[in-house]
Amino acid sequence: MTDRWQDLDDGERETARAVFTALDGARALTDAAMQAGPSISAIWSALVTGRPLPPGIVPSADFDALLVDAATIAIPRQAAAATPDSGIDRQAEGARLRVIPSRGGPGQSYLTITFEDQTTGAARLIAVIDGAEPLEIALPVPVAGAVQLLLDNSEPILAALTDPDSRLFLV
Amino acid sequence: MDGISTERALLSGSISPELEETFRTVADADLGGGPKYAPTVMRALSRTVAARAYGKPMLELCHLLRIADAVGGRHGWPALIFGVQVARGPAFRAQIQEGARRCAAFGPDFRLEAEGVTIAYRDAPFTVSYGRMGFLAALIELMVTALGYRAVDAQIRAWLDEPFEAGRATAHANALSRLFYDHLKDHLATAQSLRVFARLIAFLEEDRGGGFTIDDLDNRAVLDYWHRSATAEPEEAELRGFRVVTERVGMLRTALQVAFERHAIGSAKPVGTDREAGEVDPGTVLSILEVHDGEADELRALQMEPAARVKFLTGREVAELDLIARLGSHAGALALSVLRCATFGAVQSRLSQALRRHAPADEIAGMAALEGCEPYDQRIGHWRNLEVRLDRMALAALAALVEADRAEAAMEVLARLPAADLTGLRDRLPSEADGPNVVALRPGGTVGMVAALADTKVVGPDVSGLIADARRALRGLGRTGFGADERRLDQVIDGMAAGAPLVRRLLVRLGNVRAAAEMRLAGDSFARDSVRFRDGFEALYGDAA
C-alpha cells in the first residue's frame, strides 16, 4: 500500500478535497455562534399556545404568511388612513373591527370586534407594521359574537390600527 | 491590521454570516422546555448540509409532512413540525396519537406502529420512525428559516395536493432539494475551504516534497504552517488562529486517509469531479463524515439527556476536552499541538478578546510577549488532575449503578477489567433461562445480582477492589446527580448508565494525548516554542500593541 500524495490520481485527490470541504463546512455549522433571532417554531408555538410572541421578530412577508396560517381571521392593509378621533373601521371576511372614541371618557376609545360566525373567537389581536416589532393585545371571550375593550388612546396598538399599512390578525 | 480584522482572520469563513445565523437560530430554538433539537441532531444536520446529502432525508420529509398534514388538518403541517416542544421521538408519538383521535384518515391511511407511523399508500407503504422525526423537523425548520416560509410552504402544498401515492414524492423531494441546494450554493463557501486545502497541500509539497504522507501532517507541520500564515501578508493566508490550523490539519489527515484508503483498495472512484455541477456522491461524503466527525459526539452526548441529568463535567472541563474530542483519532498524532493550543493558543484567544474590547496597547503587548502563558509542565500537571477527576466521576457512576443494581455496572467492570471472571454472578440470577454458560447483562431484571460485584467471594479481589474504589469515589461527591437522594431517581440512574462509559472513554483519550505529548517534549521545548509564538504574535498583533 502506498500512501504518498504524489501517487494519488486526480479522482483520489478530488475525494480528499470533497471530504475536507465537507468536514470544514460541517464544523463551521456546528460552531455557528452568531446572535440569532427567534426561531420559527418559537413564533408558531407562541401563536398557537397564547404565549407572548418572542422578542426580536422582524416583520416580513414570510411572517405575515405564517400569521395568516395561524390566525382565525386576517385583516389586510386598508386603502386609506384613519385616526382614533374619526373612528377606525376595518373589515375582512369573517370579522369587522372598529375603534370608536369614547364619549364618556376623553382620551379613550372602544375597540369592538364583531365576528360573523358567533362560534368564532380569538384570544388576541396582533398588529404588524413594517419596521417595528408586532404589537399584541389579549381579547376577552366574545359575547354574542362580539368583544369590546375600552382602551386609552395612548395604547400603541391603537396607533397601529390607524396605520393603513398595518396588517391585523385575530389569533 | 486592526483588531476586528485580526479577529476575523482568526476565524474560518467556511459559511456565510446568514447561514451561520440561520443555523444558530434553529439550534437555539426553545419552546420553553429547553433546546428543541438535541445537539447530536444539530450535528447530524450540519454533516448532512455540508455534504449536501439531503436527497434521501427530503424524501422522508415529504412522508413526514403527509403525517403532519393529517395531524394538523389540511395544510396544517406546521402544527406538528413546529408545535412539538422538544423534538424527540416520544413527543412526536404523543402529538401524533393525539391528532389521530381527531383525524378520520388515521386507521385506513395512517397506521400507528410501535416505532413509527406507516403511511398506507396504495402503491408503496412508507414508514417514518418516531426517532427520525426530530432530525427531519430540524431540517425543515432550517429550510424555512433560510428560504422563508412562503417558498417552502408552496413546495409542501404542491406535494400535499397531489394524489395520495408514494411514487409522487420523489419529484417533490427533488424540488425541495434543488431549492435548498440553490440557496446553499451562495452560503456554503466551498471556494474558501478549497483554498485552505490547496494552501495546506502546497505547503506540504514545498516543505516535505511531493511524496509526503499522512505522517507528515504532524505537530511540526501545524506549527510551521501557522507561523508562516501568521507572518504572511493577509491576502496570502486564511488561517491565523493556532487552534484553527490544528483542527484543519486534523481534517486534512481524515481527508487524506480516505483518499489513501480508496487508492489502496483500487476502486478509486472520485466522490465528485465537479462539485458545482452536482457530480458528487453526497451519500459517500456523508458516510465518511459520520465516521470521522462523529467521534466528538461523545462529549456532546454527555451534555444531553439522559447523561445530562448528572453533572459529570463542568463547563471548564468540557472546554478543556473539546479539541481532543474534535480531533478524534488524530488527537494522539497531534498531541503536542493540543498542548500548544492549551497554552499558546489560550494566549492567542485572550489576545483576540483583548483586541475586541479595545484593551490598552501595553496589555496587548504583554500578552503578545507571552506574559501569563502557562508552561507545558504546568498544563501537563493540570491534565493529570483532570484525569483524576474524570476517573472519579466514572468510578462514582459505577458505584451508583451497583447501588441501583443495574446491569450496566457489570459492563463497566468488564470495560475496566476485561479479564474479570463474572461467572460467579450466574448463581445470583433469578432464572437459568439464558442457559448455564451465559451471564445475562441486559439492563434491569437482575435484582441482587449486581450488588454481588462487591463480594470478593463471588467475583474475586480485583472486581471487589474496583467496586470498593468506586464507592470511595462516590462518597462526598457534591456534583448534581451524585447526592444520595438524587441517586434514588430512575432518571438519574439512567444518566449514570449513559454517562459512565462516555466519561471513561474521554479519560482514555485524555490520558493518551497527555502521554503522547509528554513523549515528544524535550527539556527546552517550551522555550523553543515560545520563540516561534512570540514571533508569530508580534507579526499578528504588533501593530495593535
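Here are a few notes on places worth a look in this structure, which is a predicted model.

1. Start where the two chains meet through a pair of helices. Helix α1 of chain A covers residues 10-30, and helix α3 of chain B covers residues 39-50. Their axes come within 8 Å of each other and cross at roughly 140 degrees. What does that angle make the pair? Oblique, since only angles over 145 degrees count as roughly antiparallel, and so α1(A) and α3(B) are oblique to each other. As for handedness, the crossing of α1(A) and α3(B) is right-handed.

2. Next, turn to the surface of chain A. Which residues form a nonpolar patch there? They are Ile100(A), Tyr110(A) and Leu150(A), and together they have about 250 Å² of accessible area. Leu150(A) belongs to strand β7, which runs over residues 146-152 of chain A. Its relative accessible area is 42%, so Leu150(A) is classed as partly exposed; that label goes to values between the 20% limit for buried and the 50% limit for exposed.

3. Staying in chain A, have a look at Ile43(A). This residue sits in helix α2, residues 40-49. Is Ile43(A) buried or exposed? Buried, because its relative accessibility is 6% and the cut-off for buried is under 20%. Ile43(A) can also be paired with Leu66(A): the two are 23 residues apart in sequence, and their C-alpha atoms are 9.0 Å apart in space.

4. Over in chain B, check the backbone at His75(B). Its phi is positive, about 60 degrees, although His75(B) is not a glycine. You'll find His75(B) in the loop between α4 (55-72) and α5 (78-81) of chain B. With a relative accessibility of 17%, His75(B) counts as buried.

5. Asp405(B) deserves a similar check. Here too phi is positive, at about 60 degrees, and the residue is not a glycine. The loop in question lies between α18 (376-403) and α19 (408-416) of chain B. Asp405(B) has a relative accessibility of 15%, so it counts as buried.

6. One last backbone detail, again in chain B. What kind of peptide bond joins Glu305(B) and Pro306(B)? It is a cis bond, with omega at about 0 degrees. To find the spot, go to the loop between α14 (297-302) and α15 (315-327) of chain B, where Pro306(B) lies.

How values were computed: Residues are numbered from 1 along each chain as its sequence is written. Chains are lettered from A and ligands numbered from 1 in the order in which they are written. This is a predicted model: local features need pLDDT of at least 70, side-chain atom pairs count only at pLDDT 80 or more; totals for chains, interfaces and linings use all residues. Side-chain values use heavy atoms; hydrogens and water are left out. Patches are made of residues with over 30% relative accessible area and no salt bridge: like charges are joined within 9 Å, nonpolar side chains (Val, Leu, Ile, Met, Phe, Trp, Tyr) within 5 Å. Accessible areas come from the Shrake-Rupley method with a 1.4 Å probe; for residues, only the protein chains shown count as cover. A salt bridge is a side-chain nitrogen of Lys or Arg within 4 Å of a carboxyl oxygen of Asp or Glu. Helices (H or I, at least four residues) and strands (E, at least two) are DSSP runs, numbered from the N terminus. Buried means under 20% relative accessible area, exposed over 50%, partly exposed in between (1.4 Å probe, protein chains only). Axes are lines fitted to C-alpha atoms, for helices over the stretch in contact, and angles run from 0 to 180 degrees between N-to-C directions. Angles under 35 degrees count as roughly parallel, over 145 as roughly antiparallel, 65 to 115 as roughly perpendicular and the rest as oblique. A crossing is left-handed if the near helix is turned anticlockwise from the far one by less than a right angle, and right-handed if clockwise.
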